[in-house]
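I opened this notebook to keep track of what I looked up, one entry at a time, and in the order in which I wanted to understand it.

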There are 2 protein chains.
Amino acid sequence: MSLDYTNSIPLHVQLKQKIEQNVYNGRYADKIPSERELMDEYYVNRSTVRQSIQQLVLEGILVKKPGKGTFIAVSTINDWLGSLSSTSENMEKMGMTPGAKLITLQEIELFGRLKKLPSWKRPTILKE
Amino acid sequence: MSLDYTNSIPLHVQLKQKIEQNVYNGRYADKIPSERELMDEYYVNRSTVRQSIQQLVLEGILVKKPGKGTFIAVSTINDWLGSLSSTSENMEKMGMTPGAKLITLQEIELFGRLKKLPSWKRPTILKE
DNA sequence: GCCAATTTGTACGTATGTATT
DNA sequence: TAATACATACGTACAAATTGG
């Protein structure tokens, strides 16, 4: 969905919130769309896109890598893991057996995304 | 002095350093020049000026006030005071008598600038 | 190693809005 | 009201890093 140009909230703030939502609801896995793609999707200037992203970088949610793209920060992923700690413990105890059905659909998607990460940045409980 | 366009160091970084120097050596007292003035002095675009200032704001050195200008942060002034603590104690003990000649010229200038601040943000040792 | 495509970085310019004096 | 100063948003161009053919 596009941004609200009639809204008094600045476009770069609105876009920042959109991106943040997509990071936390799992629509963005590991890497977020390029600046070019965000421009085309939300009909805003590159300056505006960069302003939105910069805020999220300052908040430690995203990390930029010149020539590669903008990625979800490792610390952000660790935050997700923290919220899953109890479930993780259960999974360790059960060895990922039927009891795992107790975790929510959202959490299943999260684990799916975490497993896509390169092994060196993959959380211990998901290694091997 | 102007910036070095042949240098590989980005202009906004060079300008940031210039401003920072002028804050700490006392050429800027309380308020720094407007974006327009910095553009004219260093021959750079307003975007570049704003980028430099933004960094200093993020580092807590400057504070921006829409419609008024950009100011040296109170915390920055407190840092200055911290470096003068021993001298301050001496001054308290001596009641600002001849012994004060021991402080450096730079410190004298600093005190001069601090006294220009509005009373509500003036450090206690300078109130009276 | 080279080249082209992609992506972020730097720097410029312009216009209009909002806040303060 | 007018002038000043920062905020938002648009646009352009080229540089530098990375990747894949």
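**Entry 1: DNA strand C, backbone contacts**

Before anything else I note that this is a predicted model. I began with B:Asn45, where a polar backbone atom lies 3.0 Å from a phosphate oxygen of DNA strand C. I then turned to chain A and found that the side chain of A:Arg50 has an N or O atom 2.9 Å from a phosphate oxygen of DNA strand C.

**Entry 2: DNA strand C, a base contact and the surroundings**

I asked myself which side chain has an N or O atom 2.6 Å from a base nitrogen of DNA strand C. I found that it belongs to A:Arg46. Looking at the wider picture, I listed 25 residues around DNA strand C, of which A:Arg46, A:Arg50, A:Lys64, B:Leu11 and B:Thr48 come nearest. When I looked at the strand's own atoms within 4 Å of the protein, I saw that 68% belong to sugar or phosphate, while the rest belong to bases.

I also sorted the residues of this surface by character, which gave 7 nonpolar, 10 polar and 8 charged. Both chains take part, since at least two residues each are supplied by α3 (46–58), β1 (62–65) and β2 (69–72) of chain A and by α1 (11–24) and α3 (46–58) of chain B. The largest share, 4 residues, comes from α3(B).

**Entry 3: DNA strand D**

Next I looked up DNA strand D, which has 25 residues around it, and I noted that A:Leu11, A:Thr48, B:Glu35, B:Arg46 and B:Arg50 come nearest. Of the atoms of DNA strand D within 4 Å of the protein, 68% are part of sugar or phosphate and the rest are part of bases.

I wrote down three polar contacts one after another. A backbone N or O atom of A:Asn45 is 3.0 Å from a phosphate oxygen of DNA strand D, and a polar side-chain atom of B:Lys64 is 2.9 Å from a phosphate oxygen of this strand. A base is reached as well, with a polar side-chain atom of A:Ser47 lying 3.4 Å from a base nitrogen of DNA strand D.

For the surface near DNA strand D, I found that α1 (11–24) and α3 of chain A, along with α3, β1 and β2 (69–72) of chain B, each supply at least two residues. Which helix gives the largest share of the surface near DNA strand D? I found that α3(A) does, with 4 residues. By character, the residues near DNA strand D are 7 nonpolar, 10 polar and 8 charged.

**Entry 4: helix α2 of chain B**

I then went to helix α2 of chain B, residues 35–42, and found that its buried residues are B:Glu35, B:Leu38, B:Met39 and B:Tyr42. Seen down the axis of α2(B), these buried residues fall within an arc of 105°, so they line one face of the helix. The general rule helps me here: an α-helix has 3.6 residues a turn, so residues three or four places apart point the same way. I looked for what covers the buried residues of α2(B), and the cover includes α1, α3 and β1 (62–65) of chain B.

Just after α2(B) comes B:Tyr43, with a positive phi of about 55°, although B:Tyr43 is not a glycine. I placed B:Tyr43 in the loop between α2 and α3 of chain B. Is B:Tyr43 buried or exposed? With a relative accessible area of 60%, B:Tyr43 is exposed, because the cut-off for exposed is over 50%.

**Entry 5: the hairpin of chain B**

My last stop was the pair β1(B) and β2(B), which run antiparallel to each other over 4 bridges. The hairpin has 3 residues between the strands, and within it B:Gly67 takes a positive phi near 85°. I saw that B:Lys64, which I had met at DNA strand D, stands opposite B:Thr70 in β2(B).

B:Thr70 has 8% relative accessibility and therefore counts as buried, the cut-off being under 20%. Leaving out residues up to four places away in sequence, I found that B:Thr70 touches several residues, including B:Asp30, B:Ile53 and B:Leu62. I followed B:Asp30 to the loop between α1 and α2 of chain B. Its phi is near 70°, a positive value in a residue other than glycine, and at 26% relative accessibility B:Asp30 counts as partly exposed.

Note on methods:
Residues numbered from 1 in each chain as written. Chains lettered and ligands numbered in written order. Predicted model: local features only at pLDDT ≥ 70, side-chain atom pairs only at ≥ 80, totals over all residues. Heavy atoms only, no water. Near = heavy atom within 4 Å. Polar contact = N/O pair within 3.5 Å; in protein donor to acceptor, adjacent residues only side chain to side chain. Nonpolar A, V, L, I, M, F, W, Y, C, P; charged D, E, K, R; others polar. Buried < 20%, exposed > 50% of the residue type's maximum accessible area, 1.4 Å probe, protein only. Arc of directions from axis to C-beta. Contact = heavy atoms within 4.5 Å. Pairing = 2+ DSSP bridges.
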